[in-house]
Amino acid sequence: MSDQLIIFDTTLRDGEQSPGASMTRDEKLRIARQLERLKVDVIEAGFAAASNGDFESIQAIARAIKDSTICSLSRANDRDIARSAEALKGASRARIHTFIATSPLHMEKKLRMSPEQVLEQARLAVRFGRNLIDDIEFSAEDGYRSEPDFLCRVIEAVINEGATTINVPDTVGYAIPELYGNFIKDLRERVPNSDKAIWSVHCHNDLGMAVANSLAGVKIGGARQVECTINGLGERAGNCSLEEIVMAVKTRKDYFGLDLNIDPQHIVAASRMVSQTTGFVVQPNKAVVGANAFAHASGIHQDGVLKARDTYEIMRAEDVGWTANKIVLGKLSGRNAFKQRLQELGVELDSEAAINAAFANFKELADRKSEIFDEDILALVNAQGALDQVDTFHFISLAQQSETGERPHATVVFSSDGKEVKASSDGNGPVDASFKAIESEVRSGAEMLLYSVNAISGSTESQGEVTVRLQRNGRVVNGVGADPDIVVASAKAYLSALNKLQGNSEIVAAQG
Ligand code: KIV
Ligand code: ZN
């Protein structure tokens with residue numbers, strides 16, 4: 001059996017299914033580039049038949065990414081599979097992932113199909129896919145709650161049709177590590193042609209065991225692919241977290257004995273990018289990527305770490321991309337120093353024009369904030385990513401008054417399709433007043449689902465990073481803004497969300 005563990009990232013597909021985590025095509029492309037830097041083996045870029053937006057995102061990612069296999073999900077029918085194949089055209093390596101539910105509950109209540117019909121549909125789907133692309137993954141949805149005898153028949157049939165990867169998901173997060181590991185092991189032992197495919201695990205985190213279950217699937221079951229997402233993003237309690245799987249397998253190589261292609265130095269930047277893009281904040285005590293993951297607060301621990309780091313540290317923070325909270329640049333720093341720092345942080349901007357724009361934003365920030373931290377630079381380029389698209393609204397300036405006992409008032413100046421607009425309003429607080437001011441002109445009619453503020457480098461001197469989640473006509477978008485002034489950051493985030501909400505449609509400020 002191979003010693004190589006394949007990391008299959010589904011942040012852009014299963015992760016995005018998390019309510020509110022929807023991403024634009026450009027955002028997905030930026031995240032895919034970061035996943036490529038991380039050396040993820042397979043990127044599941046979306047579900048091509050789900051929407052035109054998903055199709056276009058997969059297409060853009062398939063064309064741009066060279067080093068990872070790009071995968072598109074499809075139900076087990078010809079239309080979905082053909083749509084995936086179409087979206088994947090031009091990819092250097094492409095995979096079609098097709099699935100159908102195999103548990104009695106899902107077959108009877110959801111699909112209203114008999115087991116024999118499901119078996120036949122799975123077989124035909126893989127046959128159809130295999131005529132289009134060589135790399136075919138088959139998933140038995142709700143596999144863990146399926147009858148093993150029936151599941152063995154389905155898996156044997158799809159391998160005979162040419163499936164190259166067999167995924168056995170714990171779709172509802174019901175598994176227990178030892179049981180799941182043995183479940184995979186039994187299937188592998190009972191399916192006569194099991195050695196013709198790579199076995200994969202895909203675990204949801206409803207009972208908080210997605211990572212443990214996946215590792216058991218690998219260790220006990222012999223799976224050689226793990227499906228996971230950055231920060232464990234995903235529906236309900238999320239998916240198996242990529243950073244935890246990767247660092248568990250690397251840190252305990254003595255136990256797992258497996259190799260990974262992943263370059264963990266890019267983990268923290270990937271985590272930040274996903275959290276900033278989706279507005280799903282990472283809890284401080286989250287393993288590997290939480291703000292406190294490497295912080296030693298107690299005196300005994302600090303003393304031990306100062307004497308010998310491995311007294312309390314099993315991994316090194318810098319190995320996963322944490323940088324010391326140090327002042328890296330100031331307003332006298334030049335473009336080359338800035339560019340080099342971006343490289344050290346693992347940030348690759350796509351063009352000289354993008355570097356110039358980031359540098360201009362950096363200079364503007366450095367004029368107002370004497371100490372610029374790595375976190376500031378990352379927030380700046382992440383916010384810029386959102387600005388790279390052709391936007392309708394651009395923030396220009398903001399003035400606000402608030403005083404105890406007085407109703408706050410804000411005036412926001414922004415451009416709308418190139419024309420300057422000045423808007424004023426009262427509000428419950430200065431942020432509310434600035435949003436109301438913008439709305440008084442834009443009249444988007446959007447509903448706000450989330451407003452969150454985060455201090456980028458952990459003190460009041462740091463930049464505030466704001467996420468605004470808006471919904472209109474069933475479409476949900478996240479806008480992000482960063483600035484040392486949190487009211488300004490909020491207004492920028494609001495305008496950024498409006499830009500995304502707008503998409504192809506129509507909102508522009510009602511002039512005059
Ligand atoms: O959880 C699940 O079963 C899935 C499949 C579509 C792979 O996401
Ligand atoms: Zn899933």
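Hi everyone. Before the zinc site, one definition: donors here are N, O and S atoms within 2.8 Å of the metal, and water is not among the atoms, so sites may look incomplete. Also keep in mind that this is a predicted model.

With that in hand, which residues coordinate the zinc ion, ligand 2? They are D14 through OD, and H202 and H204, each through NE2, at 2.0 to 2.1 Å. Along the sequence, these donor residues follow the spacing D-x187-H-x1-H. D14 sits in helix α1, residues 11-15, while H202 belongs to strand β7, so this pair ties together parts that are 188 residues apart in sequence. As for exposure, both D14 and H202 are buried.

Let's move on to helix α9, residues 210-219. Eight of its 10 residues are buried, so α9 is largely enclosed by the rest of the structure. If you'd like to pick them out on screen, the buried ones are A210, V211, N213, S214, L215, A216, G217 and V218. And what covers them? The cover includes strands β6, β7 and β8, along with helices α8, α10 and α11. Strand β7, you'll remember, is where H202 lies.

One of those neighbours, α8, is worth a look of its own. The α8 and α9 axes are 8 Å apart and meet at an angle of about 35°, and the crossing is right-handed. On the α8 side, the contact is made by P177, Y180, G181 and I184; on the α9 side, they meet A212, N213, A216 and G217. Sorted by class, that contact has five nonpolar and three polar residues, with no charged ones.

That's my tour, thanks for listening!

Key
Residues are numbered from 1 along each chain as its sequence is written. Chains are lettered from A and ligands numbered from 1 in the order in which they are written. This is a predicted model: local features need pLDDT of at least 70, side-chain atom pairs count only at pLDDT 80 or more; totals for chains, interfaces and linings use all residues. Side-chain values use heavy atoms; hydrogens and water are left out. Buried means under 20% relative accessible area, exposed over 50%, partly exposed in between (1.4 Å probe, protein chains only). Helices (H or I, at least four residues) and strands (E, at least two) are DSSP runs, numbered from the N terminus. Contact means heavy atoms within 4.5 Å. Donors are N, O and S atoms within 2.8 Å of the metal (3.2 Å for Na, K and Ca); water is not among the atoms, so sites may look incomplete. Axes are lines fitted to C-alpha atoms, for helices over the stretch in contact, and angles run from 0 to 180 degrees between N-to-C directions. A crossing is left-handed if the near helix is turned anticlockwise from the far one by less than a right angle, and right-handed if clockwise. Ala, Val, Leu, Ile, Met, Phe, Trp, Tyr, Cys and Pro count as nonpolar, Asp, Glu, Lys and Arg as charged, and the others, Gly among them, as polar.
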